[in-house]
Amino acid sequence: MAKPVSRFVCQNCGAVTPKWQGRCDTCGAWNTITEETTEVRAPGPAGKSAGGRKIEFVALKGRAEPPPRTRTGMDELDQVLGGGFVPGSVVLVGGDPGIGKSTILLQAAARVASAGKRVLYISGEEAIDQVRMRAQRLGLAESPLGLAAATSLRDIAASLEEERNATLVIIDSIQTVWLDSLEAAPGTVSQVRACAAELTRLAKTRGFTVVLVGHVTKEGTLAGPRVLEHMVDATLYFEGDRGHQFRILRAVKNRFGATDEIGVFEMTDRGLVEVSNPSALFLAERRGNISGSAVFAGMEGSRPVLVEIQVLLSPSANGGSPRRQVVGWDSGRLAMLMAVLESRARVGLGQNDVYLNVAGGLRVTEPAADLAVAAALISAATDRPTPPDMVFFGEVGLSGEVRQVAQSDTRLREAAKLGFAAATLPKRVARGGRAPSAPEGLRLSEIGHLADLVAPLAAGDKPKPPPRKAKPEPAETEG
């Protein structure tokens, strides 16, 4: 017979402790441990493990067909997913409140349903009328998708068991779904883990795709246990500032496609609109001949993206503790790069407040941005603009050397396509006796050390201010 047993579980990392304590020893979070009740069956004949069957081992070599895909009709979303939804897969979508998770999923669900597929949208946070109002605002009111509002896992599972032709099921959100056999509140570790496991079983056995919407914590990570991200087949993050029109959908895990792919969207009054050429959009408002600005030729998955790196230096008002404010890049890497510039290239930055921004709301994570950030810092320190038709990319080491990065040819082709005439990059090593050729019309400047970058920027022509108009001399009066 089962008997209830109490245990204390951290709601941040899922660690189990024998008693309550204010701070979790595993993740260090405060006031996240709550008491949960589970059932443990007494040992007996029924609890003994029965004999299993022998599993069959096969050779590694074999024919594997690519999984079929259900395209959403949104090319940016399909690219992040690897070509579309895979039947039987589970996708987890996370993001800040109000960033557009429900909007993009409702748009994708409506397009899949309009293609003749059976799509079910189950909302646990909003009433049916609220979802209908959003659909009407987006122009999707006539879409033939099935809509329901439910939070009980038993009701959801029973309804999905009877569905025979369902292709896509959206649960918004997993933190609101609860199982009545558990005494824990909805959104706790036990509830999220149990509900996600049951929905994953239904997806695998019934063959439809399940999309789970997840909340995020103050740190920007998905709320709930980390095991939730291990249970799903793909994890997508929706990034961006609610006050900015751009939204970035990024894949951090995908069992059926490449990771680190991004999709770029623009938030409008008609929902999210795809941005097919994000580089042109990120650089649309860029002004040339401004010090502290450099264009970075980056890679987001398989897509080249050009963005502007902006740096502003100002005298520190705090004396011995200058401020470092970073938006869209790693603040620790900025500190390292500033130390390298001061020690290896004799560029004084320590007594200034440094503000760095990646224009457009994109978050850059690859080390190839080091050279562009260094160019922006040197430009701001010398008050001399970088060439407006030049892009930068390359990794910087602690000794000041500029290291090679992957997919240089793809970056150069994107720069040439957008009209740039020059590129500063690491010295390239010939592969197979032949160095990669530059696109036609693109001038390359290969450097091996940061000192090679400081010299041309410091010797550049500083823009001259416009000439002042001469003041008219006062007319002489006869005395």
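## Pockets, cores and chain of a predicted model

Five nonpolar, seven polar and seven charged residues make up the lining of the second largest pocket. Here Ala, Val, Leu, Ile, Met, Phe, Trp, Tyr, Cys and Pro are nonpolar, Asp, Glu, Lys and Arg are charged, and the others, Gly among them, are polar. The model is predicted, so local features need pLDDT of at least 70 and side-chain atom pairs pLDDT 80 or more, while totals for chains, interfaces and linings use all residues. Numbering starts from 1 along each chain as its sequence is written, and side-chain values use heavy atoms, without hydrogens or water.

**Two pockets**

The second largest pocket holds about 310 Å³. It has 19 lining residues, and D96, P97, G98, I99 and K101 sit closest to its centre. Helix α2 (residues 101–114) supplies the largest share of this lining, three residues. A pocket is an open set of points on a 1 Å grid where a 1.4 Å probe fits, with protein on both sides within 12 Å along at least five of seven lines; lining residues have an atom within 4 Å of a point.

The largest pocket contains about 550 Å³ of space. Its lining counts 23 residues; E239, G240, D241, G361 and R363 lie nearest the centre. Strands β9 (234–239), β10 (246–254) and β16 (352–358) are the elements that give two or more residues to this lining. The largest share, three residues, is from β9. By class, the lining has eight nonpolar, nine polar and six charged residues.

**The chain as a whole**

The protein chain has eleven helices and 21 strands. These are DSSP runs: helices (H or I) of at least four residues and strands (E) of at least two. Of its 479 residues, 45% are buried, meaning under 20% relative accessible area; over 50% is exposed, and in between is partly exposed. Among contacts (heavy atoms within 4.5 Å) with a separation of 6 or more, 68% join residues 24 or more positions apart.

Mean pLDDT, the predictor's confidence from 0 to 100, is 86 for the chain, with 88% of residues at 70 or more. Strand β5 (residues 118–123) has the highest mean among the elements, 97, and strand β3 (residues 33–41) the lowest, 70. Residues 461–470 fall below 50, and this stretch makes four contacts beyond near neighbours in sequence.

**Nonpolar cores**

The largest nonpolar core has 62 residues; those touching the most other members are F296, W329, L334, L356, L377, L450 and L453. Such a core joins buried residues of the nonpolar class, Pro excepted, through side-chain atoms within 4.5 Å. Helix α9 (residues 370–382) gives the most to this core, nine residues. Beyond four places in sequence, L450 contacts V340, L341, A345, L371, A374, V396, G400 and V402. Another core, of 33 residues, lies apart and includes V93, I99, L105 and V213.

T424 belongs to strand β20 (residues 422–426). Its relative accessibility is 3%, so T424 counts as buried. Outside four places in sequence, T424 touches L371, M390, V391, F392, F393, S445, I447 and L453.

**Backbone details**

The peptide bond from D172 to S173 is cis, with omega near 5°. S173 sits in the loop between β7 (166–172) and α5 (189–206). Two residues other than glycine with positive phi follow.

| Residue | Phi | Loop | Relative accessibility |
|---|---|---|---|
| D383 | near 60° | between α9 and β17 (390–392) | 37%, partly exposed |
| Q407 | near 55° | between β19 (402–403) and α10 (408–417) | 40%, partly exposed |

Definitions and conventions
Buried < 20%, exposed > 50% of the residue type's maximum accessible area, 1.4 Å probe, protein only. Points joined across faces, edges and corners; volume = space filled by probe spheres on them.
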